[in-house]
Amino acid sequence: MHSQAKVLLVFSHRPPEVLTWPKMNFDYERKKDEILKALRSSCPNILFDATTACSIEDADETLRKSTDYDGVVIYLIGSTCIAPLLIMERCEKPVILVDEPYCGTGTFALAYGWAKSAGLPILGVASSDLKYTADRINLLSVISRLRRSKIILITPREEEKHLIDERTRLLYASGKYGGSGKTYEITEQIDRLKKLFGVEVIRLSYNDIKRYFKAASEEEAKRIADELISKALRIVEPSYEEIVKSARLYLGLRKMIDDYKADAITIDCYRRFHELPAYPCIAFSQLNNEGLTAVCEADLSSTIAQLLIRYLTEELTGQPRPGFVNDPVADFSKNLIIYCHCTAPTMVYGPGGRSSPYVIRSHAESGGGAAIQSLMPLDEPITALQIHFMRDPPLMVIHQSKAICHIDSEEGCRTKLAAKADVEKIFSNWNRLGGWILPAHWHRVVVYGSWREELKALAVLLRLEVFEEDVE
């Protein structure tokens, strides 16, 4: 159970004797009690402290208080004056401006438009549906959880840059091929994550993986391997011993996450499988199935994206849906985008949902190890995103599609989930704004469901630009 987010709930209105909306002699205190009670019920992971701000002095006091909170919700329950504007302009925490219909609408229309024109990261909410409003406020819990997150990053200590040769790096750095062309040292990425999101990155090494692998119970690994095998449709390449090794690595990584009180793990694994005690593909699948976050290729961009997906879906549905990090492939002739990787989860609706059928295969490109080929649900909407956090300003890219079939071929990664989308538009937009920071700029993270609007709202509160690859 994670700790609650602390949110300052600020009501704003005129005195009841003033002739204004919602009406003269309106019972504001009763309305405050009703709203506070409803929000506490609908936002169980948020601790609300309520106050009222109607004057300039109230606004100043609210701003002083706000430094102790994860976010501020300004709730307009009457046509009001300058206090909300002052708070919106000067508050350094994420701010949501809420209009109670027929109460604060005049102020909301003016204040929200002004905030957008001023470039302020203010999220506006106006709805007669309390659940809609509560879901937007629950985004503050998503942000709070992100700011308290820890990511284990496992790379060779001596290698700080991406694996590209110097001549190639210089060509990218020219900016000729899109974006800034910059590559970044891992330490730069770690510092940037801390500054933007408050996320702590814990650097560990391959020796740490080997130590945890060795300490993991082989008998327990055999039990897990037996269960994986019993539920699989079939096994193609891997031996029993290889599957046991994968299960043992899963046990080791899970213990590592527990020991470091981490929320996510990402490993520089591709082209380095020989340095690991086992291929991590099945371990990643299992960890994601359990509601944790595991990402291949030391891809911190995809790790942040997947953490956001996990927290968002858990706050709004009660189940942490896993992201599926993938290398998308285009098929213009069939209007398909094929999401490919060897680390796919099977529990796409979260640990409490149903499991997808799967086949146990080898890692595709190398032919070694063991991996899951997940036959994920079809005829379902999918949302894909990536977060380019090293860009200035940082950028969230989004597109949507609909899963329609699986593709089984020996080229590319094992899981190939094909989806209908405006593929030509998506790929013509792929490198429009992001630049070259491999592997994040090929990778996308997909999650089952339509989450575009919720992600765009999160982006506002996180001060991220948004680029919709299938729209713009």
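The following exchange examines how several labels in this predicted model are justified.

User: What makes β6 and β8 paired strands?
Analyst: Two strands count as paired if there are at least two bridges between them, and strand β6 (residues 150-154) and strand β8 (residues 264-267) share 4 bridges in the parallel sense, so the pairing criterion is met. Within this pair, Ile154 stands opposite Ile267 in β8.

User: Why are β7 and β9 said to stand at the edges?
Analyst: The open sheet has 4 strands in the order β7-β6-β8-β9, with parallel pairing. β7 (200-204) and β9 (293-296) each have a single partner strand, so one side of each is left without a neighbour in the sheet. From one strand to the next, the twist averages 20°.

User: Which residues of α9 are called buried, and what puts them on the same side?
Analyst: Buried means under 20% relative accessible area, and in helix α9 (residues 206-215) the residues in that class are Tyr206, Asp208, Ile209, Tyr212 and Phe213. They cover an arc of only 155° around the axis, which puts them on the same side of α9. The face turned away from that buried side carries Asn207, Lys214 and Ala215, which are exposed, a term that requires over 50%. Among the elements covering the buried residues of α9 are β6, β7, α11 (240-259) and β8.

User: How do you know that Ser205 caps α9?
Analyst: A side-chain oxygen of Ser205 lies 3.3 Å from the backbone nitrogen of Asn207, and because a polar contact is a pair of N or O atoms within 3.5 Å, this distance satisfies the cut-off, in keeping with Ser205 capping the N-terminal end of α9.

Conventions: Residues are numbered from 1 along each chain as its sequence is written. This is a predicted model: local features need pLDDT of at least 70, side-chain atom pairs count only at pLDDT 80 or more; totals for chains, interfaces and linings use all residues. Side-chain values use heavy atoms; hydrogens and water are left out. Helices (H or I, at least four residues) and strands (E, at least two) are DSSP runs, numbered from the N terminus. Axes are lines fitted to C-alpha atoms, for helices over the stretch in contact, and angles run from 0 to 180 degrees between N-to-C directions. Buried means under 20% relative accessible area, exposed over 50%, partly exposed in between (1.4 Å probe, protein chains only). The arc is that of the directions from the helix axis to the C-beta atoms. Contact means heavy atoms within 4.5 Å. A polar contact is a pair of N or O atoms within 3.5 Å; within protein, one must be able to donate a hydrogen and the other to accept it, and residues adjacent in sequence count only if both atoms are side-chain atoms.
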